[in-house]
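Here's a walk through this structure, one piece at a time. Have the 3D view open and follow along.

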Amino acid sequence: MRSAVLRVGPVSTRFAPRAVLAGLLITLVAAATAVYSLTVGDYPLSVSEVLATLSGHGDRASEFAVYGLRLPRVLTALFVGMAFGMAGAVFQSLSRNPLGSPDIIGFTTGSATGALIGILLLGGGSLVIAGSAVIGGLVVAALVYLLAVTDGVVRPGQLVLVGIGASAVLASFNGYLLTRADLGDAMQAAVWLTGSLNGRGWEHAIPVGVAVALGGVAVLCLARPLDTLALGDDTAGGLGVPIERVRRALLIGAVALTAVATASAGPVPFIALAAPQVARRLTRSPDASPLVAGLTGAALLALADLAAQRLFAPVALPVGVLTAALGGVYLVWLLAAQRKAGRW
Amino acid sequence: MTILSARPAIRRASSSRRFIALALAGVVLLIAVVASVALGARPVPLGHVWAALTDYDGSSDAVAVRDLRLPRTLLGVFVGAALGVAGCLMQALTRNPLAEPGVLGVNAGAAAAIVSAMSFLGVTAPAGYVWFAMAGAGGAFALVYLLGGGGRIKESPARLAVAGTAVGAALTGFTSAVVLFDSTAFDQFRFWAVGALADRGMPVFWQVAPFLAGGLLLAASIGPALNTLALGDDQSRSLGSNPLVVRGTAALAAVALSAGATAAAGPIGFVGLAVPHAARFIVGADERWLMAFSALAAPSLLLIADVTGRVLGRPGELETGVVTAMVGAPLFIYLVRRLRVPA
């Protein structure tokens, strides 16, 4: 059964049971990971102690461990993962390419350039780095968008190609900056470029949380027109979708989500790319809904961060190392399993 | 309009237009080769350049030309041609005009192997990296190809690209973990990662030459068959070619070319994607013309970038990989805008 209809009085909505089931399952995985992440660390807590602390019945030490250290980090992971996952889903359906991600319009390389300038030339602290990363990303995304407009129309294909060109320029500029910098600075830049959640606090969690809430609502409102756009511009236009407006709104939403997420955690690789792919396979639908992709991203990043903290403890790896490895291996496994099942 | 499923609107270019384009590309390459031998960080008068080539006297000018610039130019021509043709093959194979050697895990495999060699075995010279890079690139691509469905790519060409990205990401994770813990390896790796033609010399050239030459020959041999492949497997079979064999050969050629190029010059990404793509607008979608044109245009781009880097960076130089995108990308963006790419 591909889709079902829910009717409550005069209101009815179409939904895919499998997607709902998959979404619930992924949420469960994310929640379990989050709770488990709250229990581990230098001051171990039991699950019941964590739940007690969360409901306001914990002692001072566990309150500090949970509210002061672990919860903001876990929430940052969940929100950042969600933001990347949703943005990735939007980009993949807009560009109609499974390799689509915010990278394709140059956002990620732009933010990396911004951050490198922040670290290497301005010698800034984390606020300067986050700020210059966001500015870099937005400037490049806007530039790519403007360069891709011909006759007042943005064709997704052209957007992708211009994005690739711009990314190539910036990537080589980034390489140049890295080779000319002093080794210590370059190492610091490399850690930022990998994406890390080490030492993230409430000041990181809250902005991403707000952005995910706002951007999430916006993207979800546009999910139906996004589905319709997948039928092709002519069909979608014929069905009454204001193509250009929807596309622009989706692009802005997805870029904003990516920007805030990048500012908090750096350009954590692969979530935006893998989350929609994984969600698509879990829901067995041709296009992943941004919501399920976002939840998948959240679960993926929370899992990866847990692994990054614990695998080589007491050394905490930057989470970016793990998202790449974990996401990559999981996708490989999925592909291999499907190959065996003869699907595809 | 779809980027993925459709090969971009196949426009037939008239054959006189294609001949002119090909001839022009040849002339540009010739100029680039001459410039690459004649220009450099050390100003050598043209007369001395000629003398160094015809009548080697051991002077420092002659050494610069003969022992530094000549091998470097030779390497640039081969690496460039390899990247361009490998890009064509990858795009035909995956039916994705955004495919490039890097998408299929080749660069990530080479990087992972090289970083391991640097960090665990203490290898430091380019000639020492080459075999590691080849092995890493070949291994990664083999894995990607198997996961991507082997010869059965036709059912979903996207699968190959997804497999490549997945394998690439996992390997990149490994690479960054290694370099983040080992600053000596990071220090070497950051220079390898931009991609350069400098300081390779003839030993590196001879190490990769068999792979590059073999790959180019293989690619040339399947040009017509690749064209029938674009019509779909059934059509292709009825026209007398075996799609499985053609895809296997194309994959083999692509991996030999891109692994060889990456091993020799590092990951120079943009060339393999942009040149075949731009070529499609100029000479049409015929794979034979595409590959021939790319084999001339890609080395021109690489050599022009290399010379520009040498001239701009005086008294040192800018790495080839840095300049390639700076030179090529604006041109690419211009073409995309100008030709209203129907992707």
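**A guided look at two chains**

Let's start with a single residue: B:Leu29 has 22 C-beta neighbours inside 10 Å, so it counts as buried. Keep in mind throughout that this is a predicted model. To find B:Leu29, go to helix 1 of chain B, which covers residues 15–38. Which residues does B:Leu29 touch, once you leave aside those up to four places away in sequence? They are B:Leu296, B:Pro299 and B:Ser300. Take B:Ser300 as a case in point: 271 residues separate it from B:Leu29 along the chain, yet the two C-alpha atoms are 4.7 Å apart.

Those partners lead us to an annotated stretch. The unreviewed UniProt entry lists several spans of chain B under "transmembrane region", and residues 289–308 are one of them. In the model, residues 289–308 of chain B are 100% helix and 0% strand, and the C-alpha atoms at the two ends sit 28 Å apart. Another span that UniProt lists for chain B is 244–269. Here the end C-alpha atoms of residues 244–269 are 28 Å apart, with 85% helix and 0% strand. Other spans under that heading in the record include 73–92, 104–123 and 320–337 of chain B.

Now zoom out to the whole of chain B. How many helices and strands does chain B have? The tally is 14 helices and zero strands, so if you trace chain B along its sequence you read α-α-α-α-α-α-α-α-α-α-α-α-α-α. The radius of gyration of chain B is 20 Å, close to the 20 Å the globule rule gives for 343 residues, so chain B is as compact as a globular protein of that length. Its C-alpha trace spans about 65 × 55 × 35 Å along the principal axes. Of the 343 residues in chain B, 58% are buried. As for how chain B folds back on itself, take the contacts with a separation of 6 or more: 77% of them are between residues 24 or more positions apart.

Over to chain A. It has 14 helices and four strands. A compact globule of 344 residues would have a radius of gyration near 20 Å, and the 21 Å of chain A agrees with that. Along its principal axes, the C-alpha trace of chain A spans about 60 × 55 × 40 Å. In chain A, 54% of the 344 residues are buried. Contacts between residues 24 or more positions apart make up 71% of those in chain A with a separation of 6 or more.

For a helix pair inside chain A, pick out helix 4 (residues 107–121) and helix 7 (residues 183–194), which pack at an angle of about 150° with their axes 10 Å apart. The crossing of helix 4 past helix 7 in chain A is right-handed. Among the residues making this contact are A:Ala112, A:Leu116 and A:Ile119 from helix 4 of chain A, and A:Asp185, A:Ala189 and A:Trp192 from helix 7 of chain A. By class, the contact has eight nonpolar residues, one polar and one charged.

Finally, look at where the chains meet. Here 51 residues of chain A are in contact with 49 residues of chain B. On the chain A side, the elements giving two or more residues are helix 6 (156–180), helix 7, helix 12 (271–283) and helix 14 (319–340). Which helix of chain A gives the most to the side that touches chain B? That's helix 6 of chain A, with 16 residues. Sorted by class, the chain A side of the interface has 33 nonpolar, 15 polar and three charged residues.

Definitions and conventions: Residues are numbered from 1 along each chain as its sequence is written. Chains are lettered from A and ligands numbered from 1 in the order in which they are written. This is a predicted model: local features need pLDDT of at least 70, side-chain atom pairs count only at pLDDT 80 or more; totals for chains, interfaces and linings use all residues. A residue is buried if 20 or more other C-beta atoms lie within 10 Å of its own, exposed if 12 or fewer, and partly exposed in between; C-beta atoms are placed from the backbone. Two residues are in contact if their C-beta atoms, placed from the backbone, lie within 7 Å. Axes are lines fitted to C-alpha atoms, for helices over the stretch in contact, and angles run from 0 to 180 degrees between N-to-C directions. A crossing is left-handed if the near helix is turned anticlockwise from the far one by less than a right angle, and right-handed if clockwise. Ala, Val, Leu, Ile, Met, Phe, Trp, Tyr, Cys and Pro count as nonpolar, Asp, Glu, Lys and Arg as charged, and the others, Gly among them, as polar. UniProt positions are given in the numbering used here, feature names are shortened, and annotations may be inferred rather than shown by experiment. The radius of gyration is taken over C-alpha atoms; the globule rule is 2.2 Å times the number of residues to the power 0.38.
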